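Okay, thanks for coming, everyone. Let me put the structure up, and then I'll talk you through it.

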Protein chains: 4
Amino acid sequence: MNRRLRMGMVGGGQGAFIGAVHRLAARLDDCYELVAGALSSDPTRAAASAAELRLDPTRSYGDYRDMARAEAARADGIDVVAIVTPNHLHAPVATAFLEAGIHVICDKPLAVSLAEGQALAALARRKQRLFALTHTYSGYPMVRHARELIARGELGDIRYVHVEYLQDWLASPVEQSGNKQAGWRTDPALAGPAGCLGDIGTHAWQLAAFVTGLTPSELAADVHTFVPGRRVDDHVQAMLRYANGARGLLVASQIASGEENALNLRVHGTRAGLRFSQESPNELWFTPQGGETTRLTRGRIDSPAAAHATRIPPGHPEGYLEAFAQLYRDAALQIVAQQTNTPAPPESLMLTTVDDGVAGLRFIEAMLESQARQGAWVGV
Amino acid sequence: MNRRLRMGMVGGGQGAFIGAVHRLAARLDDCYELVAGALSSDPTRAAASAAELRLDPTRSYGDYRDMARAEAARADGIDVVAIVTPNHLHAPVATAFLEAGIHVICDKPLAVSLAEGQALAALARRKQRLFALTHTYSGYPMVRHARELIARGELGDIRYVHVEYLQDWLASPVEQSGNKQAGWRTDPALAGPAGCLGDIGTHAWQLAAFVTGLTPSELAADVHTFVPGRRVDDHVQAMLRYANGARGLLVASQIASGEENALNLRVHGTRAGLRFSQESPNELWFTPQGGETTRLTRGRIDSPAAAHATRIPPGHPEGYLEAFAQLYRDAALQIVAQQTNTPAPPESLMLTTVDDGVAGLRFIEAMLESQARQGAWVGV
Amino acid sequence: MNRRLRMGMVGGGQGAFIGAVHRLAARLDDCYELVAGALSSDPTRAAASAAELRLDPTRSYGDYRDMARAEAARADGIDVVAIVTPNHLHAPVATAFLEAGIHVICDKPLAVSLAEGQALAALARRKQRLFALTHTYSGYPMVRHARELIARGELGDIRYVHVEYLQDWLASPVEQSGNKQAGWRTDPALAGPAGCLGDIGTHAWQLAAFVTGLTPSELAADVHTFVPGRRVDDHVQAMLRYANGARGLLVASQIASGEENALNLRVHGTRAGLRFSQESPNELWFTPQGGETTRLTRGRIDSPAAAHATRIPPGHPEGYLEAFAQLYRDAALQIVAQQTNTPAPPESLMLTTVDDGVAGLRFIEAMLESQARQGAWVGV
Amino acid sequence: MNRRLRMGMVGGGQGAFIGAVHRLAARLDDCYELVAGALSSDPTRAAASAAELRLDPTRSYGDYRDMARAEAARADGIDVVAIVTPNHLHAPVATAFLEAGIHVICDKPLAVSLAEGQALAALARRKQRLFALTHTYSGYPMVRHARELIARGELGDIRYVHVEYLQDWLASPVEQSGNKQAGWRTDPALAGPAGCLGDIGTHAWQLAAFVTGLTPSELAADVHTFVPGRRVDDHVQAMLRYANGARGLLVASQIASGEENALNLRVHGTRAGLRFSQESPNELWFTPQGGETTRLTRGRIDSPAAAHATRIPPGHPEGYLEAFAQLYRDAALQIVAQQTNTPAPPESLMLTTVDDGVAGLRFIEAMLESQARQGAWVGV
């Protein structure tokens with residue numbers, strides 16, 4: 001790349017967690033420079049945050065609509081905006097920037113309703129702008145390799161998919177004692193109607209779909225809230241059925257005492273099975289039917305998809321930030337390809353987009369519908 | 001013990017798998033001597049098997065009914081019979097020996113219908129005879145310790161239970177190519193209407209109930225057969241609900257390519273979580289809410305239940321056969337206690353019995369009922 | 001086998017640890033019956049122990065010499081004696097029984113000096129009697145498979161061997177507070193001049209030699225005692241050199257806080273590497289040079305040596321007692337072969353014998369010599 | 001920090017591996033901007049590399065001496081230089097920049113002789129400039145926490161230290177077939193007299209010293225070359241003795257087939273033991289004497305040292321690049337502290353410096369001296 005892409009950010013002011021992660025991810029592979037922001041809805045905090053990030057004060061905006069307009073009008077305006085606000089603002093902010101012709105990288109979940117999400121997908125398509133959605137875990141080399149293995153038939157026909165995402169940080173009512181993260185994530189007005197379901201359930205759903213290349217056709221759900229006084233779900237589980245007859249189980253829980261961030265996937269096909277655990281992301285376990293289990297490691301295997309998403313030799317662990325950075329790198333590759341009218345590297349097309357977001361919202365709707373119907377099987 | 005208990009066996013002739021395991025388990029702690037048998041319904045094979053096992057030929061019977069009668073009549077008749085026939089014979093054989101006043105140790109599942117099982121339980125109670133059911137996995141020291149931890153409140157209120165039992169040996173139609181084990185286990189006439197469900201699903205159900213001390217009150221099931229031409233299920237899964245509001249997932253699969261005998265349990269409560277994997281039975285993972293994970297090991301922890309079920313120091317692995325032997329040891333302790341009119345050691349009371357068998361048959365019925373009703377939630 | 005072998009035991013009376021393990025191991029595969037014993041040098045304890053083991057009182061001896069003589073004279077005398085006394089008695093007891101023409105199964109170490117051990121080896125050869133030495137860890141199926149892999153060249157030329165045996169039970173002076181095991185094992189009069197070195201260092205040495213098929217030609221040692229007041233070493237380490245240029249490291253420690261029974265082996269050759277950990281004995285890790293690591297498991301691999309030493313299917317863990325029992329089974333197979341003048345199964349020849357014991361004593365001598373010479377390299 | 005530090009780089013042009021890692025590490029926490037370079041001794045490659053990195057062409061130098069002079073003379077000259085040349089240039093380059101009053105961050109090993117290294121240490125002290133040495137592995141949060149645990153006495157007195165660093169990438173003579181990395185690292189003229197010893201042996205030595213706070217007082221070495229035709233060692237091992245009586249083993253091998261980057265440390269004290277494996281850097285295993293093993297994880301434990309070196313919550317793996325970046329961050333904190341005459345955060349003082357480099361060279365000298373004296377024990 002001849003130049004770094006110019007990036008703006010909406011949200012992510014002082015005290016925010018995920019904004020800092022996005023900036024780090026953008027920085028890691030040196031494809032972006034942050035030049036503008038509407039970092040907070042509180043003007044004082046917005047200005048202080050901008051100063052800390054060494055932004056030109058004239059490009060620190062109090063309102064994202066102003067920012068979209070102003071940046072679109074500049075010759076050196078931003079190429080892309082990163083959206084890291086609470087969930088309920090994702091759609092309005094993304095809409096403003098897409099309308100202004102600016103590419104979008106948006107934190108997940110995409111939106112707080114399926115209709116909202118579908119409108120965004122349509123808009124992105126109409127405006128021909130990239131709309132990346134940061135489903136971080138699909139940035140891991142071994143997740144991409146798993147997808148590749150299945151795509152080329154190494155597992156045969158998929159029969160059983162198990163995905164679980166277990167955390168314990170909401171096992172007690174921490175939102176009632178000032179935990180900011182917990183506060184907005186359990187407030188339906190800010191996070192949408194789905195709590196754990198939207199926050200991590202969608203990650204689980206997306207990971208299974210990303211790796212298998214399959215979306216369940218039906219599900220039967222149990223959406224539950226354990227912690228007294230909590231206004232959103234904190235534990236959800238479902239049985240899954242796929243069009244080819246495959247079966248699946250999905251569970252996402254934020255009350256699973258003792259678990260940190262246990263996103264685990266297991267896929268069994270007619271020819272082989274595989275296992276991936278997010279907490280050990282440099283390895284993938286693969287077992288041919290009746291054969292011996294092999295530990296596949298990033299960098300050691302022969303895999304274009306994994307190689308594309310890796311920076312250092314095997315045995316030198318890469319982690320969550322590198323997976324996140326991979327999404328930013330792939331977004332940059334695609335934006336530059338569009339700008340220069342050249343093809344993007346095929347491996348960069350594994351980037352997750354607004355379409356993954358729509359799929360996630362569809363999953364949420366199906367879960368809530370099944371729940372409303374006493375756990376009946378419903379189509380997705 | 002002043003003398004070894006005299007044991008008979010029904011089933012378990014040459015070529016049988018589980019009979020040899022029972023004999024080994026009976027031998028390990030030196031509480032039994034095998035003195036009689038109806039080892040095969042084929043007289044030639046019965047005689048050859050008896051000779052190989054060095055039985056007195058006069059105590060090798062062609063029919064289990066004759067054996068029950070004859071042994072009951074001898075002054076030195078058997079104290080206890082081990083039943084290791086195909087499933088459909090468990091109930092008639094057990095009935096014959098209970099009627100003759102002989103204690104029973106029976107392989108699982110208990111019977112092929114709930115009614116049959118309930119009748120056995122009633123009979124055992126009426127005849128005041130021990131009816132041990134070999135749910136092997138509850139013989140592991142760390143499983144017993146897990147039960148103890150939960151019983152004394154270390155996990156707080158249980159919220160989420162995940163149990164899975166995954167194998168791959170039936171991933172292809174091996175029953176059609178002469179595999180004897182596969183043959184009878186997939187034949188409804190011999191194994192009952194439940195395939196994988198009865199064979200290993202009941203183990204999963206029992207393990208979760210044994211450790212948590214809780215039985216789900218409702219379940220919603222998906223009972224499936226993957227392998228074309230197979231006459232019983234080979235993959236079952238269910239969502240569970242408990243009376244206290246806890247949720248659970250259960251899966252048992254014999255088509256999970258790459259898996260050997262992966263019986264894994266995970267329990268999360270308000271105060272802590274724990275994990276156990278049958279393939280690494282000498283350890284149990286325990287994590288207090290918000291705290292660090294600890295690896296508890298057999299022999300190193302202070303646990304009467306685990307100590308009772310262990311023979312050698314920590315770091316010297318015990319395995320499946322020792323767990324199996326533990327059931328035999330506990331049965332011997334209880335039989336001798338009854339014979340001598342003394343109390344059995346309290347730890348021996350963790351032995352699984354006909355009641356566990358009835359619970360398992362209830363589980364099978366509920367699964368099949370939910371399946372018949374399109375996966376609706378049904379009471380257990 | 002038409003009949004069980006008749007076995008006697010010297011040592012192993014009430015309160016002894018290893019005697020009970022030997023009996024259990026002998027029982028497991030049903031090849032032996034215990035019919036005679038000199039179970040304790042204390043006559044009261046000898047008699048009580050014999051009663052508990054249901055021995056014919058006339059075959060409970062107060063002195064092992066009487067026992068050897070009397071049993072040799074009986075038509076139904078013992079075929080084989082198991083020796084489970086403290087170390088300093090191994091040689092005199094074994095000598096008495098060999099002289100009487102009785103096969104020997106002896107706990108390790110073989111003797112308390114190399115000369116003593118060499119004399120035993122010569123005597124066993126002269127009397128044409130089996131002299132099995134229970135190096136338990138060589139009874140594990142995956143250890144035997146590892147040996148086979150190397151023997152058939154899968155690792156290429158061996159370059160680096162690392163073996164460690166770490167325990168923590170002697171990290172404090174427990175022998176001073178009445179621990180019986182610790183007492184005799186740290187008393188040079190009973191255990192010989194080597195403490196940790198003889199007790200577990202010889203296991204480490206033997207395991208490396210058994211698997212690689214190679215014995216180091218030189219070593220440089222550091223033999224140390226950490227615990228104040230202890231009369232034998234409790235931590236030993238050495239660098240090794242092999243005739244083919246390979247290098248090795250050996251460490252045995254009984255003060256390695258936090259370790260239970262960590263006997264770990266790692267072998268690297270020009271073509272591949274492998275790893276084994278005694279605490280997870282059902283698996284062996286194998287990595288071809290530049291390739292991916294594979295988890296080989298007992299029962300799933302195609303290996304005559306492993307199959308010979310296994311009883312139950314993969315995924316059903318076997319452990320220490322089964323490994324121990326394997327030595328007894330192999331001894332039985334060889335004794336019966338000799339009695340019936342038929343060839344023993346080739347896999348049974350992996351049994352460890354008096355020659356392994358002599359090799360271990362040579363190792364001890366070399367370690368002590370190097371230590372005496374300030375850690376100089378000495379020939380083995 | 002009000003501004004990013006201005007950084008120059010010597011070495012690290014196109015095709016170099018470690019230069020890119022340094023730049024990424026410098027970028028990750030946003031404390032540096034790269035503004036000048038002498039990226040290659042080949043002027044064409046230097047210019048091309050500078051363009052690729054978007055350097056001002058007037059600050060791309062053909063010679064590091066020119067660069068040191070010119071940058072020292074500029075008002076906006078670099079604050080710090082990163083040295084990523086082959087080993088033999090570390091000392092001359094560092095000398096030039098220190099003489100010019102510029103802080104230094106240097107890849108390891110520090111120099112190719114102890115005298116050279118000691119001169120650098122003296123010069124840095126005299127010029128009062130920071131001299132950071134990138135011993136990456138000491139940047140891991142769990143390594144720092146391990147150091148803290150030992151420093152505050154949680155392990156008691158240290159008794160046994162085992163450190164191993166195993167790779168397999170030089171198991172065959174890859175330097176003879178054009179592997180650039182292998183080429184210079186096995187060329188004594190570029191890498192110095194120590195091959196594996198200098199490349200990874202020093203890492204092992206440093207890690208053990210960093211965590212324990214102890215340096216061995218004596219060692220006995222075996223320095224070996226396995227691959228025919230190789231001009232430097234590729235496998236080294238040593239026994240260690242500490243002033244307090246502790247024992248240790250160190251091995252570094254680049255021919256350990258099957259190993260990627262296995263830097264493993266084990267420390268046992270009178271009160272507890274711990275284990276760390278670089279390939280799983282988010283965890284540390286801790287076992288109190290006689291107690292249960294606990295898995296300590298980054299972010300979940302209460303540790304100022306670990307918290308200082310971590311960016312994201314537990315369960316979100318950090319890796320090698322973050323550890324590397326930590327060194328850059330600590331260097332920045334110390335440089336800014338000096339520039340602003342304020343105290344640096346105490347946690348930043350865990351940064352490894354020229355003194356670690358001197359210690360490493362002393363280790364190399366001792367290893368070579370012991371080797372020259374047939375493995376005799378020599379003082380360090």
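So, first off, this is a predicted model. Let's start with chains C and D. If you take chain C and lay it on chain D, you get an RMSD of 0.0 Å, using a turn of 180 degrees and a shift of 0.0 Å along the axis. The two copies are thus related as by a two-fold rotation axis. Which residue of chain C comes closest to that rotation axis? That would be Ala376(C), with its C-alpha at 3.2 Å. And the contact surface: 100% of the interface residues of chain C are interface residues in chain D too, so the copies meet through the same surface.

Okay, over to chain A and its sheet. Here we've got an open sheet of five strands, and reading across, the order goes S2-S1-S3-S4-S5, with parallel pairing. Now, the edges of the sheet in chain A are strand S2, residues 32–38, and strand S5, residues 131–133; each has a single partner strand, so one side of each is left without a neighbour in the sheet. As for twist, neighbouring strands of this sheet are turned against each other by 25 degrees on average, ignoring direction.

Zoom in on one pair in chain A: strand S3, residues 80–84, runs parallel to strand S4, residues 103–106, and four bridges join them. Across that pair, Ala82(A) stands opposite Ile105(A) in S4(A).

Last thing, what packs on this sheet? That's helix H11 of chain A, residues 320–340, which touches strands S1 (5–11), S2, S3, S4 and S5 of chain A. The direction of H11 makes about 125 degrees with that of S1(A).

Key:
Residues numbered from 1 in each chain as written. Chains lettered and ligands numbered in written order. Predicted model: local features only at pLDDT ≥ 70, side-chain atom pairs only at ≥ 80, totals over all residues. Heavy atoms only, no water. Pairing = 2+ DSSP bridges. Helix = DSSP H or I, 4+ residues; strand = E, 2+ residues; numbered from the N terminus. Axes fitted to C-alpha atoms, helices over the stretch in contact; angles between N-to-C directions. Contact = heavy atoms within 4.5 Å. Least-squares fit on C-alpha atoms with pLDDT ≥ 70 in both.
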